[in-house]
Amino acid sequence: MKVLITGGAGYIGSTVASALEDSGHTPVILDSLVTGRPEFIRGRAFYHGDIAERSLLERVFREHPDIHATIHCAALIVVPESVEQPYLYYRENVCKSLELFKNLEELGYPRVVFSSSASIYDTVPGFKVTEDSPLKPGSPYARTKYMMEMVLQDLTRATRLRGIALRYFNPIGADPKLRSGLQVRDPSHVLGRLVDTALGKLPYFQITGTDYPTRDGTGIRDYIHVWDLAMAHVRAVERFDEALAKTSNSYEVINLGSGHGNTVKELVAAFEKVWGSPINKREGPRRPGDTAGAYANADKAWELLGWKTELSLEEGIRSALEWGKKRKEVLGYA
C-alpha cells in the first residue's frame with residue numbers, strides 16, 4: 001500500500017518510511033525541510049511544502065490516488081524551545097495540523113495515524129501509565145500534542161475522519177541499516193547529547209534535574225528503539241481498519257513504549273557500558289518544561305496492533321553511536 005508521511009524527511013518520519021519500504025509498502029513524503037533533511041528522501045516520492053497548503057495536498061492525491069493512510073509526523077518537538085516560543089509551536093503544530101485534518105477529510109482520505117507524545121501524561125505513583133491515566137501536559141510542546149489529540153477525536157466524531165493517536169515515549173537509536181538517524185547538529189535528546197559527549201563534540205554530559213521523586217532523583221523515561229517505533233507505524237496502517245473495528249470506535253489512543261522505565265542515570269550507566277569507558281558528566285538543574293516522566297503500559301498496542309518492542313536499550317545506544325560516527329558521511333557534518 002501507499003502511505004503519505006508528513007515530516008517524512010525527519011528523524012522518526014524517515015525511519016518510518018524505511019520500515020514501510022522494508023515491509024513492502026511505498027512511502028510518499030510531504031515535508032517543508034525546515035528540520036527534515038533532503039538526504040533522507042533518497043529517491044522516494046517527495047513533495048516539498050507546508051502541510052496546511054491545500055493545493056499541494058490536492059496534487060499529492062491527484063498523483064497518488066491510491067494512498068491508503070496518512071501518518072502525521074510533522075511537528076516542532078524541542079521542549080525548551082516551546083517554552084521560549086509558544087506562538088511558533090501552537091501555529092506549526094496545532095493550526096497547521098487542524099488544516100491538514102480538515103483537508104484530508106474533505107479530499108476523501110480519512111485514515112490518520114497521529115504522532116502524539118507521552119509528555120502529555122501526569123506524574124502518577126510508580127510512573128507506569130496506561131492510555132487512561134490522568135493527563136497533565138507540562139510544556140507548550142506537550143500541550144500542542146494534547147490539543148491535537150482532542151481535535152482529532154472531535155473530528156472523528158463529527159466527520160468521516162478516523163484516527164489512531166500513537167503516544168511515543170522516548171525514541172532512541174537509529175535505523176539499524178544506518179539510512180537515517182538523529183539529524184540535528186546540536187541535539188537536545190538525551191542520547192544525542194551522550195553520543196556527542198563520547199565522540200568529543202561536547203566537553204561533558206549534563207544530567208538535568210536530580211531532585212525528582214524517583215529511585216535516584218533523575219527523571220524516569222521509557223526509552224524505545226526508533227526502529228521498534230517505526231514498525232509500530234507499519235502495523236498501525238496495516239491493521240488500521242481492523243484495530244478500530246475491534247473497539248467499534250472511530251478514534252483510539254495507543255501507547256508506544258517498552259513497558260520498562262529507566263532513569264537518566266541508569267541510561268548513562270548503560271551508555272558507558274556500551275561505549276566501554278566512563279564519559280565526563282555533571283549534574284545540573286531541571287530544564288524548563290521537564291517533568292519526572294513516565295513509562296508505558298503497552299498492552300493495548302499488542303491487543304490492537306500485534307506490536308511490542310523487540311530491540312533492547314543497549315541496541316538503541318549502539319545504533320546511535322554507529323550513526324554518530326557515520327553522520328558526517330550522510331549529512332556533511334559530524
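Helix 1 and helix 7 cross with a right-handed sense. This comes from a predicted model. The points below cover that helix pair, then the one cavity of 30 Å³ or more that a search of the whole structure finds, and then the second largest pocket, which holds about 230 Å³ of space.

**Helix 1 and helix 7**

- Helix 1 spans residues 11–22 and helix 7 spans residues 226–238; their axes come within 8 Å and cross at roughly 60°.
- Angles of 65 to 115 degrees count as roughly perpendicular and those under 35 degrees as roughly parallel, and the two helices are therefore oblique to each other.
- On the side of helix 1, the residues in contact are Y11, I12, T15, V16, S18, A19, L20 and D22.
- On the side of helix 7, they meet V226, W227, L229, A230, M231, H233, V234 and V237.
- Sorted by class, this contact consists of 12 nonpolar, 3 polar and 1 charged residues.

**The largest cavity**

- The search of the whole structure, with a lower limit of 30 Å³, gives 1 cavity.
- The space inside the largest cavity is about 40 Å³.
- Its lining is made up of H72, A74, A75, N93, S97, F114, T144, K145 and M148.
- Two elements, helix 4 (86–106) and helix 5 (140–158), each give two or more residues to this lining.
- Helix 5 provides the largest share of the lining of the largest cavity, with 3 residues.
- By class, the lining residues of the largest cavity are 4 nonpolar, 4 polar and 1 charged.

**The second largest pocket**

- The second largest pocket contains about 230 Å³ of space.
- This pocket is lined by 20 residues, and those closest to its centre are L182, G192, V195, A320 and W323.
- Strand 8 (170–172), helix 6 (190–198) and helix 11 (313–331) are the elements that contribute two or more residues to the lining of the second largest pocket.
- Helix 11 gives the most to that lining, namely 5 residues.
- The lining of the second largest pocket divides by class into 12 nonpolar, 4 polar and 4 charged residues.

Conventions:
Residues numbered from 1 in each chain as written. Predicted model: local features only at pLDDT ≥ 70, side-chain atom pairs only at ≥ 80, totals over all residues. Heavy atoms only, no water. Axes fitted to C-alpha atoms, helices over the stretch in contact; angles between N-to-C directions. Helix = DSSP H or I, 4+ residues; strand = E, 2+ residues; numbered from the N terminus. Parallel < 35°, antiparallel > 145°, perpendicular 65-115°, else oblique. Left-handed = near helix turned anticlockwise from the far one by under 90°. Contact = heavy atoms within 4.5 Å. Nonpolar A, V, L, I, M, F, W, Y, C, P; charged D, E, K, R; others polar. 1 Å grid on protein atoms, 1.4 Å probe; cavity = no way out; pocket = protein on both sides within 12 Å on 5 of 7 lines; lining within 4 Å. Points joined across faces, edges and corners; volume = space filled by probe spheres on them.
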